[in-house]
Amino acid sequence: MKSLDFDWRAGRVPSYTYFVDDETLDVQREAYGEYIAENGLGAGRAFKSLELMTDDIKSMAISLFNAPAAAGASFTSGGTESIFMAVKTARDLTRHRRGEPDGRYNIVACETAHPCLDKAGQLLGVDIRRTPHTAEFRADPALLRTSIDQKTMMLFASAPNYPFGTFDPISKIGRLAQERDLRLHVDGCWGGFLSPFAERLGYPIPEWDFRVPGVSSLSADIHKFGYAAKGASVVLYRDVEDQEHERFSFSGWPRGTYSTPTFLGTKAGGAIASAWAVMHFLGVEGYLRAAKLTMDATMQLIEGLNAIPDIYCLTPNGESNLISFATSDPKLDIYAVADRLEECGWLRGRMREPKAIQQGVNPAHLATVTEYLAEVRKAIDHVRGNVAAPVAYDEHSY
Ligand SMILES: Cc1ncc(COP(=O)(O)O)c(C=O)c1O
């Protein structure tokens, strides 16, 4: 059945998969297989080894994101769960501090924030207020400021955001959070395991982690550019005491108290083992190597796309590995170009505002840069020769 899929190893997929090399994939697979039956719910009781691995992953994350040594951290199943936990923690902490057991609050974010924030908001009864982005596709601190009211509990910033790959001005937002006594969550789910290494390679990565005063929590996905098997992310809290409000506990059944640190009950032991094994296998050196491949591919793609007549990249700044390209030719439909590329085996992401083709870049894209750029040129020629071709845009495409 795999023959039905787009070929992610050959750089044909714009996100979903993050492939550095076969060796790392083998480490992922072997560690996952070793723990295929073990359950993270029993970490520390039945499975001491899973607790040791989880604690080690948390310490590595605390150090990588420049959190205080005594910071709190949780291992979760992905970006969605990490952000859900940050919202739940903020809500329950705010209810506790304000003495309002059923208090309803809001979070102020830029419209570029990932939709899992709204998913968390809907499920937790927290309102999400989105403000327009600037012309540079970043959060506008002045607009965030005007959306704050008495019920605001947290600001939310992306580092970087998924649509454009730009970083919100975290330092300014951190100052705003401190000034208004609000929490600030930084979503590093996409770039968390890339940015620290791209920064060391000299890319212009703005300060975004716990070095920024005012950041109270941060999420980063190990199953993206940490190259672990799916089901691995971390959420960190500057103040370990906040974590009291992250945990779920329930005693109203005959079996006694049931308590979980995060959302999941049963948790894949394989996901913990794979994250732990890959983090040790790659180490700083391996992540630097992967970041170089990723950013080399990104910069080559940006340069090559900008060299195509009537095509331009929206954010050609080397701040992240997310790129989008649009057209300056009003007669050329960029979605028709995406459709044509998909007919030729290149799955493409579509941006709605502005209309553009968007993708994340991983090391698997490097080997195919030249081939892909030639395919884009061919797809444009094809569309120009078939201007009446229908344009299918799936609203649900990612
Ligand atoms: C910036 C950002 N935040 C959150 C998420 C959600 O992560 P997940 O799909 O692992 O739940 C993503 C996923 O791409 C993301 O790019």
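# Exercises on two domains and their helices

The centres of domain 1 and domain 2, taken over C-alpha atoms, are 28 Å apart. The model is predicted: local features need pLDDT of at least 70, side-chain atom pairs count only at pLDDT 80 or more, and totals for chains, interfaces and linings use all residues. Residues are numbered from 1 along each chain as its sequence is written, and side-chain values use heavy atoms, leaving out hydrogens and water.

## Exercise 1: the domains

State which residues form each domain, then describe how domain 1 and domain 2 meet.

Step 1. Domain 1 takes residues 2-8 + 284-385, and domain 2 takes 23-246 + 263-282. These bounds come from an automatic or database domain assignment.

Step 2. The contact (heavy atoms within 4.5 Å) uses 31 residues from domain 1 and 28 residues from domain 2.

Step 3. The size of an interface is often given as the accessible area lost when the parts come together. Here domain 1 and domain 2 bury about 2,400 Å² between them, with 66% of it on carbon and sulfur atoms. Buried area is the accessible area (1.4 Å probe) that two parts lose on being put together, summed over both.

Step 4. On the domain 1 side, Tyr287, Glu319 and Leu322 lose the most area to domain 2. Together they give 33% of what that side buries.

## Exercise 2: helix α10 and its partners

Find the angle and axis distance for α9 with α10, and for α8 with α10.

Step 1. Helices (H or I, at least four residues) and strands (E, at least two) are DSSP runs, numbered from the N terminus. Axes are lines fitted to C-alpha atoms, for helices over the stretch in contact, and angles run from 0 to 180 degrees between N-to-C directions.

Step 2. Helix α9 (residues 334-343) packs on helix α10 (residues 369-385) at about 120 degrees, with axes 9 Å apart. That angle makes α9 oblique to α10. Angles under 35 degrees count as roughly parallel, over 145 as roughly antiparallel, 65 to 115 as roughly perpendicular and the rest as oblique.

Step 3. From α9, the contact uses Ala336, Val337, Arg340 and Leu341. From α10 come Tyr372, Glu375, Val376, Ala379, Ile380, His382 and Val383. These residues divide into eight nonpolar, one polar and two charged. Ala, Val, Leu, Ile, Met, Phe, Trp, Tyr, Cys and Pro count as nonpolar, Asp, Glu, Lys and Arg as charged, and the others, Gly among them, as polar.

Step 4. Helix α8 (residues 269-306) and α10 cross at roughly 30 degrees, their axes coming within 10 Å. This makes α8 roughly parallel to α10.

Step 5. Ala297, Gln300, Leu301, Gly304 and Leu305 of α8 meet Val369, Tyr372, Leu373 and Val376 of α10. The split is seven nonpolar, two polar and no charged.

## Exercise 3: helix α1 on α8

Describe the crossing of α1 and α8.

Step 1. The axes of helix α1 (residues 22-34) and α8 come within 7 Å and cross at roughly 145 degrees.

Step 2. Residues of α1 in the contact include Val27 and Tyr32, and those of α8 include Ala277 and Phe281. The contact divides into nine nonpolar, four polar and one charged.

## Exercise 4: backbone details

Locate the cis peptide bonds before Pro160 and Pro354, and place Asp181.

Step 1. The bond from Ala159 to Pro160 is cis, with omega near -5 degrees. Pro160 sits in the loop between β4 (152-158) and α6 (170-179).

Step 2. Glu353 and Pro354 are joined by a cis bond with omega about -10 degrees. Pro354 lies in the loop between β12 (349-351) and β13 (356-360).

Step 3. Asp181 is not a glycine, yet has a positive phi of about 55 degrees. Asp181 lies in the loop between α6 and β5 (183-187).
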